[in-house]
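Hi,

Here is the structure I promised to pass on. Have a look at it first, and my notes come after.

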Amino acid sequence: MFEGQNDLTVGDFNPEMLFVSKMKMEKNDIYHCHQDFTELTIILSGKTDYYVEGETIEAESGDIIVCNPGVRHHNVVKSRKYFTTEFFVGFQNYHFKNMPENRIELKEGGYLLRLPPDQKEEVKKLCYEMLAENANESFGKYFMLKAKLMQLLILMVRGIEEPPKTHIRGYNFENYNRKYAVKKIITYINENYPHKISLDRIAHNMYLSPVYVSKIFKEETGESPISYLIKVRLEKAKAMLENNENDSIKGIAMEVGYDDVYHFSKLFKKYYGQSPQNYRREYISKMS
């Protein structure tokens, strides 16, 4: 038996999952509450105000707004130009130690939980994983969602109960995790460069936020994911120009992921200093 295995809840930890959703908040919601369950709102992108029980809260990406049963709340949209993307999850039948049943209470009171940056990204990653799972009809979907909800709640309770950890020299899991994620992104681009790829698609594939993907990729490689994609495509095109002299420029462009041959030619010239036609002509001349 693990020591301290029941340090989290009163009785077993088996919350009932009710719903999970994502919404772009472009207008004010109605002022409302939920009598029978807890709802968490997690800001995936943007900044906003929330009006909770007469209190205005400023929330930003990665923040968690905790609305226990009976807590009245709604978002506040200041302008149609500025909106947030928000994740919602509802659940009930849980009881954390040192807290009332079916309630999550923050140490300072209030309704906003702001975790450290690395934990914020971990929380958002779980949100995207839950959304991806919810979009599928895979066997055991409900239990997979519940498992990820439990991970999310444990991260929250750790953030509430545990003091900030001092830096300990040695193995850096966050650094390993980032390197692993970047390696997976590079593999994904190398294998899928002929297809339509965007930052959003890469992020969705990795269950991470686009901002986080761009940040860690640039910090690890010195370039953005899209810059890396362009480099891979143009290097493949260069090899094809050298080895397939009968292939049309348009055909090569399409094979490396570009439907617009003019755009492809413009990128190629910017990268190699000359058009694809001139590059092929000079290469063939040198080889003759």
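Below is what turned up on the nonpolar cores and one of the pockets.

This is a predicted model, so local features need pLDDT of at least 70 and side-chain atom pairs count only at pLDDT 80 or more, while totals for chains, interfaces and linings use all residues. Residues are numbered from 1 along each chain as its sequence is written, and side-chain values use heavy atoms, with hydrogens and water left out.

The largest nonpolar core (buried Ala, Val, Leu, Ile, Met, Phe, Trp, Tyr and Cys joined through side-chain atoms within 4.5 Å; buried is under 20% relative accessible area with a 1.4 Å probe, protein chains only) has 33 residues. Leu40, Phe87 and Phe96 are among those with the most contacts inside it. Strands S1 (16-25), S2 (38-45), S5 (64-67) and S7 (84-92) and helices H1 (117-135) and H2 (141-161) each supply at least two of its residues, and H2 gives the most, with 8. Helices and strands are DSSP runs (H or I, at least four residues; E, at least two), numbered from the N terminus.

Leaving aside neighbours within four places in sequence, Phe87 is in contact (heavy atoms within 4.5 Å) with residues including Val20, Leu40, Leu44, Cys127 and Leu131. Another core, of 31 residues, lies apart from the largest one, with Ile216 and Leu241 among its members.

As for the second largest pocket, 17 residues line it, and Lys22, Leu44, Tyr128, Leu208 and Pro210 lie nearest its centre. A pocket here is an open set of points on a 1 Å grid over the protein atoms alone, where a 1.4 Å probe fits, with protein on both sides within 12 Å along at least five of seven lines; lining residues have an atom within 4 Å of a point. H1 gives the most to this lining, with 4 residues.

Best wishes

Notes:
Buried means under 20% relative accessible area, exposed over 50%, partly exposed in between (1.4 Å probe, protein chains only).
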